[in-house]
Amino acid sequence: MSRRDDRMRGHVAHPLQCADPQSAVVQLAFGFGLPVIATRVGGLVDAVCEGETGLLVPPADPAALAAAVRHFYAAGLGPDMEANIRRQRSRFSWEQMTAT
């Protein structure tokens, strides 16, 4: 993999317009060590730590989503966010999510 390809590999965009209580996209992304760019709706606000494990944008704002993706890559946020996700991984483990 070239250096450019490695730099472009890592985030998950999750642009919901309303809360989806059944979505496990953030947990899956974090399980793979990937930062998430999500909209500020429902539990996503609690799941994604702004600037630490991903970025949050207003719902139904494609320009804000595009700007966040550009910022993520231009600022090289991936490695630091990936390290933060590794440190917080147990917070969103399947064991933690299914504990009653």
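Here are some exercises with worked solutions on the predicted model shown above.

**Exercise 1. Get your bearings: how many helices and strands are in the chain, and in what order do the elements run?**

Step 1. Start with the count: the chain has 6 helices and 3 strands.

Step 2. Now walk along from the N terminus, and you'll read α-β-α-β-α-β-α-α-α.

Step 3. Next, look at burial and surface. The chain has 100 residues, and 37% of them count as buried. About 6,200 Å² is exposed, with carbon and sulfur atoms supplying 55% of that area.

Step 4. Finish with the contacts. Take those between residues at least 6 apart in sequence: 52% of them join residues at least 24 apart.

**Exercise 2. Find Thr53 and work out whether it is buried or exposed.**

Step 1. Locate Thr53 in the loop between helix 3 (44-47) and strand 3 (54-57).

Step 2. Check its accessibility. Buried means under 20% relative accessible area, so Thr53, at 0%, counts as buried.

Step 3. See who surrounds it. Beyond its neighbours within four places in sequence, Thr53 is in contact with Phe30, Pro35, Val36, Ala47, Val48, Met81, Asn84, Ile85 and Gln88.

Step 4. Look for a polar partner. A polar atom of the Thr53 side chain sits 2.9 Å from the backbone nitrogen of Cys49.

Step 5. Try a distance check too: Thr53 and Gly78 are 25 residues apart in sequence, yet their C-alpha atoms are 9.0 Å apart in space.

**Exercise 3. Which residues make up the largest nonpolar core, and which element gives the most to it?**

Step 1. List the members, 12 residues in all: Val26, Ala29, Phe30, Leu34, Val36, Ala38, Val41, Leu44, Ala47, Val48, Leu56 and Ile85.

Step 2. Sort them by element. Helix 2, strand 2 (36-39) and helix 3 each give two or more residues to this core.

Step 3. Pick the top contributor: helix 2 gives the most, with 3 residues.

Step 4. Don't stop there, though. A second, separate core has 9 residues, including Ile37, Val57, Ala68 and Met81.

Step 5. Zoom in on one member of the 12-residue core, Val36. Val36 lies in strand 2, and it counts as buried because its relative accessibility is 0%. Its C-alpha atom is 6.5 Å from that of Leu55, and the two residues are 19 apart along the chain.

**Exercise 4. What do the buried residues of helix 5 pack against?**

Step 1. Find the buried residues of helix 5 (residues 78-88): Gly78, Met81, Glu82, Ala83, Asn84 and Ile85.

Step 2. Trace their packing partners, and you'll land on helix 2 (25-31), strand 3 and helix 4 (62-74).

Step 3. Link this back to Thr53: its contacts include Met81, Asn84 and Ile85, which are among the buried residues of helix 5.

**Exercise 5. Track down the salt bridge: which residue does Glu50 pair with?**

Step 1. The structure holds 1 salt bridge. Its partners are Glu50 and Arg40, and their closest N and O atoms are 4.0 Å apart.

Step 2. Place both ends. Glu50 is in the loop between helix 3 and strand 3, while Arg40 is in the loop between strand 2 and helix 3, 10 residues apart.

Step 3. Compare their accessibility with the cut-offs: partly exposed covers what is between under 20% and over 50%. Glu50 is at 42%, so it counts as partly exposed. Arg40 is at 43%, so it counts as partly exposed.

**Exercise 6. Which residues make the nonpolar surface patch of about 300 Å²?**

Step 1. The patch is made by Leu28, Trp94 and Met97.

Step 2. Take Met97 as an example. It lies in helix 6 (residues 94-98), and it counts as partly exposed because its relative accessibility is 37%.

**Exercise 7. What is the phi of Ala60, and where in the chain is this residue?**

Step 1. Recall the usual pattern: most residues other than glycine have a negative phi.

Step 2. Now check Ala60. Its phi is positive, about 55°, although it is not a glycine.

Step 3. Place Ala60 in the loop between strand 3 and helix 4. Its relative accessibility is 55%, so Ala60 counts as exposed.

How values were computed:
Residues numbered from 1 in each chain as written. Predicted model: local features only at pLDDT ≥ 70, side-chain atom pairs only at ≥ 80, totals over all residues. Heavy atoms only, no water. Helix = DSSP H or I, 4+ residues; strand = E, 2+ residues; numbered from the N terminus. Buried < 20%, exposed > 50% of the residue type's maximum accessible area, 1.4 Å probe, protein only. Polar contact = N/O pair within 3.5 Å; in protein donor to acceptor, adjacent residues only side chain to side chain. Contact = heavy atoms within 4.5 Å. Areas by Shrake-Rupley, 256 points an atom, 1.4 Å probe, with all protein chains shown as cover. Patch = residues over 30% accessible without salt bridge, like charges linked within 9 Å, V, L, I, M, F, W, Y side chains within 5 Å. Salt bridge = Lys/Arg side-chain N within 4 Å of Asp/Glu carboxyl O. Core = buried A, V, L, I, M, F, W, Y, C linked by side-chain atoms within 4.5 Å.
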